[in-house]
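I wanted to practise reading how helices sit against each other. Here is my notebook page from one sitting.

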Amino acid sequence: MTKAIPAAMDSRDPRASRAAGQGFTAFEGVTDGSMVDSDGNPDFAVIQQSPEFQELRRRLRRFVFPMSALFLAWYLTYVLFAAYAHDFMSQKVGGQVNVGIVFGLLEFVSTVIITLVYARYAKRRLDPQRDLVRSRAGVVEE
Amino acid sequence: MTVTLADGVAGSPVLNLSVFGVFVLATLYVVYRASSSNRTAADYYAAGSSFSGSQNGIALSGDFLSAASFLGITGGIAVNGYDGFLYSVGWVVAWLVGLLLIAESLRNTGRFTVGDVLAYRMRQRPVRAAAANATLVISFFYMLAQMAGAGGLVALLLNVTSKGGQAIVIVIVGIIMVFYVLVGGMKGTTWVQIIKAALLLVCVTLTTIFLLGKFGFSLSNIMEGAAQNNAHGDALLNPGVKYGKSGITKLDFISLALSLVLGIASLPHVLMRFYTVPNAKEARRSVVWATWTMVVFYLCTLVIGFGATALVGSDAILRAPGGENSAAPLLAFKIGGAVLLGVVCAVAFATILAVVAGLTLAASASFAHDVYANVIKRGNAEPRQEVRVARLTAIAVGVLAIAGGIAANGQNVAFLVSLALALAASANLSTILFSLFWKRFNTKGTLWAIYGGLGSCLVLIIFSPAFSGGPTAIFPDVDFHWFPLSNPGLVSIPLSFLCGFVGTILSKEPADGRKQAEMEVRAITGIGSGR
């Protein structure tokens, strides 16, 4: 379970507690400012503008958008071939197994690869940055 | 090759029934145990977010590995060969949409329903009402498919060939599944789902290994056997048997492919699963788990589908009481006799029960949480009262599903599911993606996208050849179709994106910047989304 607490109580980060004491004066210098409002709730507008969050969002989008475009394009290629290139797909490559079956199975393989790559990327590049933003925003992990 | 089964006498009904009965009793016990901890609305809708990623992953695959996959796809491959395989490919690739774009953000921004996410930064009442409408329509279509599958299965299993007899069995199935939902809530339903998914996976894996062994561990040999025993001959192994006849059928194929890949991660009962885990990391893990099980399962369907044709023959399958949907049970009888048939049918039945239970839960949650609590009571409903409404809705949904299932009895279930997927992708995908990733997206855009996508999709289904005009249509005796494609996804999915875009641009009401910041931060970091 996680909850937000006022940064003033976050003894790990003295800068945050100082900034919290000053209310909203530290709005511009986001990294040094508080990401928690006066009621102790996360201040989402401030977090959204913080460089840490922007970096996290950039890392996320840089991966998921191109990758989504890639797998959709690859899938549509397969579908178009299956619909319009019957002769090509019907060529035998070994015994009764034809190009179409191999192409379809390659879609399975690409799905497995993309899943593995994303899980690894998320673990290495997204989760640590996410934890950084969360701790800056005063979220205590249990 | 002659098969006695073709006449509909499939093993002993008593044995089949008792295998199924054991499953129902065992799961009812589990549901009963799980129900003792159902206290709050969060318990009822989201199992108190207490499941682990791997548990939820299995349940997630269970939710998706419906009768449509098991019976419909194996039957599709057995009868139409390569064109049936397309479903398998689409349904595996589709999980990437959920993994990359939806699962984690959805977990972080919602609590119980799709409406939670869509209405997050919009005006609550109209958007929640729209989201609930979409959920109810999608779930109803999906349920039709499952109930139709139940009818076919019963025909085979108990040798009940009269429509009236099948209707009675559909009613019984419906009552059991409503009971699961009423008593067990999300926790009970999830456990049923996990048990059933494990059984189904073991069952298809063993069958596949057996078939491979029988054919000398060569896919080529199985395919050769299939080609020899299918009315289409060698053409079975190539694309085009079902969708290659003309330019229109090819377009239909592309439309279907689009619905398959975009629909899964938009299904309300699948999306709702992400709320049963404690955080986004577990949501991601559950999709990864689901992907593994999907890959194994759909690889097996290829072998089982071709194997069914090779050993049973496509003519015998089509002549059997359940038609195309009976390929897997017939194969089971052929290789394992009455006992294996009983097991396979019990697993297939369990699948239908579990999936329909999940659908009923999603539909009733959406009505109670979005419509009753937030639209009618304007967010001031008492949680106990809300759960009571959810339970009442579950009963109403169950009655509708039973009636619809009796009407749709006999259709190919994989095809019916593809219609539900087209609806889901049309109503939910554009709105979820826009509200997560497009800052300017606003209330009007959301409403236009939901109603534009859902409405166009419904209209096109009603005027499609699947609904009227053809011998295989739902209403074969009348003909009022003018839309050429059976699957409307190719038109309605892009249209919903377009509607969302145009609605947003035309709206004079700007997006709520404060709520947008909150939603975006929450979606990506999970801040503020503790249990």
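These are my entries on one chain, one long helix and one helix pair, all from a predicted model.

Entry 1, chain B. I looked up the helices and strands here and got 20 helices and zero strands. Next I checked the overall size: along the principal axes, the C-alpha atoms of chain B fill a box of roughly 70 × 55 × 45 Å. A compact globule of 531 residues would have a radius of gyration near 24 Å, and chain B has 22 Å, so the two agree.

Entry 2, H5(A). I found 38 residues in this helix, with 53 Å from its first C-alpha to its last, close to the expected 56 Å. Where is the kink in H5(A) centred? I found it on A:Ala122, at about 40°. After the helix comes A:Gly138, which has a positive phi, near 80°.

Entry 3, the pair. I then followed H5 (residues 99–136) of chain A to H6 (residues 95–109) of chain B: their axes come within 10 Å and cross at roughly 20°. Angles under 35 degrees count as roughly parallel, so H5(A) is roughly parallel to H6(B).

Which residues meet there? From H5(A) I noted A:Thr111, A:Ile114, A:Thr115, A:Tyr118 and A:Arg130. From H6(B) I noted B:Leu96, B:Leu99, B:Leu100 and B:Glu104. I sorted the contact residues into five nonpolar, two polar and two charged.

Notes. Residues numbered from 1 in each chain as written. Chains lettered and ligands numbered in written order. Predicted model: local features only at pLDDT ≥ 70, side-chain atom pairs only at ≥ 80, totals over all residues. Heavy atoms only, no water. Axes fitted to C-alpha atoms, helices over the stretch in contact; angles between N-to-C directions. Helix = DSSP H or I, 4+ residues; strand = E, 2+ residues; numbered from the N terminus. Parallel < 35°, antiparallel > 145°, perpendicular 65-115°, else oblique. Contact = heavy atoms within 4.5 Å. Nonpolar A, V, L, I, M, F, W, Y, C, P; charged D, E, K, R; others polar. Expected span 1.5 Å × (residues − 1). Bend = angle between axes of the 7 residues up to and from the residue. Rg over C-alpha atoms; globule rule 2.2 N^0.38 Å.
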